[in-house]
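Work through the exercises below with the sequence and the 3D structure open. Each task is followed by a solution in steps.

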2 protein chains.
Amino acid sequence: MRDSTSHAVVGVALRVRDTRLEVQVERAPLRRGEPLEAALGRALDVAALAHVEQLETLVLPDGALATAYLGLAHSGEALPGEWRRVEEVTEHAGLVAAAQARLRAKLSYTNIGFALAPATFTISELREVYVAALGHDVSATNLQRVLLRRGVLEPAEGHRAPGRTGGRPAALFRFVSNRLEVTDEFAALRPPHRP
Amino acid sequence: MRDSTSHAVVGVALRVRDTRLEVQVERAPLRRGEPLEAALGRALDVAALAHVEQLETLVLPDGALATAYLGLAHSGEALPGEWRRVEEVTEHAGLVAAAQARLRAKLSYTNIGFALAPATFTISELREVYVAALGHDVSATNLQRVLLRRGVLEPAEGHRAPGRTGGRPAALFRFVSNRLEVTDEFAALRPPHRP
DNA sequence: TCAAAAGTGTTTCGAATACACCCATGT
DNA sequence: ACATGGGTGTATTCGAAACACTTTTGA
């Protein structure tokens, strides 16, 4: 049985490391009169996260009421805390699954990739991020075209030098915006084109 | 400044009445140790709602922490409480907007219409529900085709007799399922068709 | 016979995918 | 040369939207 002070915040942070999705789950109690974000700040290093959004509020197995947040970190940045591969996490497994599901869905219709990718990247590197987050293969060709057409990506200066094995140097890209934006209105049931 | 007992639940119920979207907003305090749904049950007549889902948890203007829920009611059913047109509501305007946005989005990629429509209906009647909820015009022809192709609707027995002005009798339909289901996976970035 | 409402047939459109081919580099 | 990874050009697919036309009724 929980008492009246047992509201908590659970932060679920995700990032892509190598070709794997990694997660960090931390909990902090909510203090009297404090905003939720303050407690989240004690659970996760929010300043190091590129994007934060609320997931849901639920009763935890121990009976505490908790509000869960999803945080996303750029790949390739050093971040304190214990990161584990998503498959290995057993604590708060439902929340981790919810975080993954939210990320997967938003990768398809928003620019949320900005929060996982580094500042500039090649299409191949971005493809690895998407593969890790989505859990299925992604075509680099189509990824580039979809994100360019939607105006989500733009070319950046410079090229990535090829590796020892050769190959054409890869052009660099960046995300146009670093704030969450819906880039693909749902295809069905849109307003008529011509009024 | 809120104290430790000030967690509340705000229920935002929506329904379509005539060709208008109507809303009912009620608040109830959360009692110690009680699940959120229990408090929601005191705010709204949950048994009369066809669908309920959580919206978000936020700090209200009065400083109280509150978890908001969206409820949907079948059109054409008598429901107690004060219903007002969505445009007229000033209290909890942000939550009402969030509820509308959630409904609009889910109308496009789920079968959530089942919660607004009566048990059986004509395509024209369903169209009015969609128009009221989406806030823009909807073609009856396309609505029928999209929902039939997705397997969301199925024919029901009988026809609706024409009005005084004549016209072909309208066939009746029903929703195949009365539980929320995602019927349209996002078009982009799906797994490859042929592995 | 005509107007009104419902429903079907067919065409158009656009975004995404698939696939063939060309480009630039290291060995 | 040729292997390798990067990138573009083009064709195909498919769901949705648009629009023309047929069906069925009341007046």
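**Exercise 1: Contacts with the DNA strand**

Ala171(B) has a backbone N or O atom 2.4 Å from a phosphate oxygen of DNA strand C. A polar contact is a pair of N or O atoms within 3.5 Å; within protein, one must be able to donate a hydrogen and the other to accept it, and residues adjacent in sequence count only if both atoms are side-chain atoms. The model is predicted: local features need pLDDT of at least 70, side-chain atom pairs count only at pLDDT 80 or more, and totals for chains, interfaces and linings use all residues. Residues are numbered from 1 along each chain as its sequence is written, chains are lettered from A and ligands numbered from 1 in the order in which they are written, and side-chain values use heavy atoms, with hydrogens and water left out.

Task: find which atoms of Ser124(B) and Arg168(B) approach DNA strand C.

Solution.
- Step 1. In Ser124(B), a polar side-chain atom lies 2.8 Å from a phosphate oxygen of the strand.
- Step 2. In Arg168(B), a backbone N or O atom is 3.4 Å from a base nitrogen of the strand.

**Exercise 2: The surface near the strand**

Task: describe the residues around DNA strand C, counting a residue as near if one of its heavy atoms lies within 4 Å of the strand.

Solution.
- Step 1. There are 28 residues around the strand, and those that come nearest are Arg150(A), Arg164(A), Ser124(B), Arg145(B) and Ala171(B). Sugar and phosphate make up 66% of the strand's atoms that come within 4 Å of the protein.
- Step 2. H4(A) gives the largest share of this surface, five residues. Helices (H or I, at least four residues) and strands (E, at least two) are DSSP runs, numbered from the N terminus.
- Step 3. By class, the surface has nine nonpolar, eleven polar and eight charged residues. Ala, Val, Leu, Ile, Met, Phe, Trp, Tyr, Cys and Pro count as nonpolar, Asp, Glu, Lys and Arg as charged, and the others, Gly among them, as polar.

**Exercise 3: A helix pair**

Task: state how H3 (residues 123-134) and H4 (residues 140-149) of chain B pack.

Solution.
- Step 1. Their angle is about 95 degrees, and their axes are 9 Å apart.
- Step 2. H3(B) and H4(B) are therefore roughly perpendicular (65 to 115 degrees).
- Step 3. From H3(B), Ile123(B), Leu126(B), Arg127(B) and Tyr130(B) meet Ala140(B), Leu143(B), Gln144(B) and Leu147(B) of H4(B), contact meaning heavy atoms within 4.5 Å.

Terms used. Axes are lines fitted to C-alpha atoms, for helices over the stretch in contact, and angles run from 0 to 180 degrees between N-to-C directions. Angles under 35 degrees count as roughly parallel, over 145 as roughly antiparallel, 65 to 115 as roughly perpendicular and the rest as oblique. A residue is near a molecule or strand if one of its heavy atoms lies within 4 Å of it.
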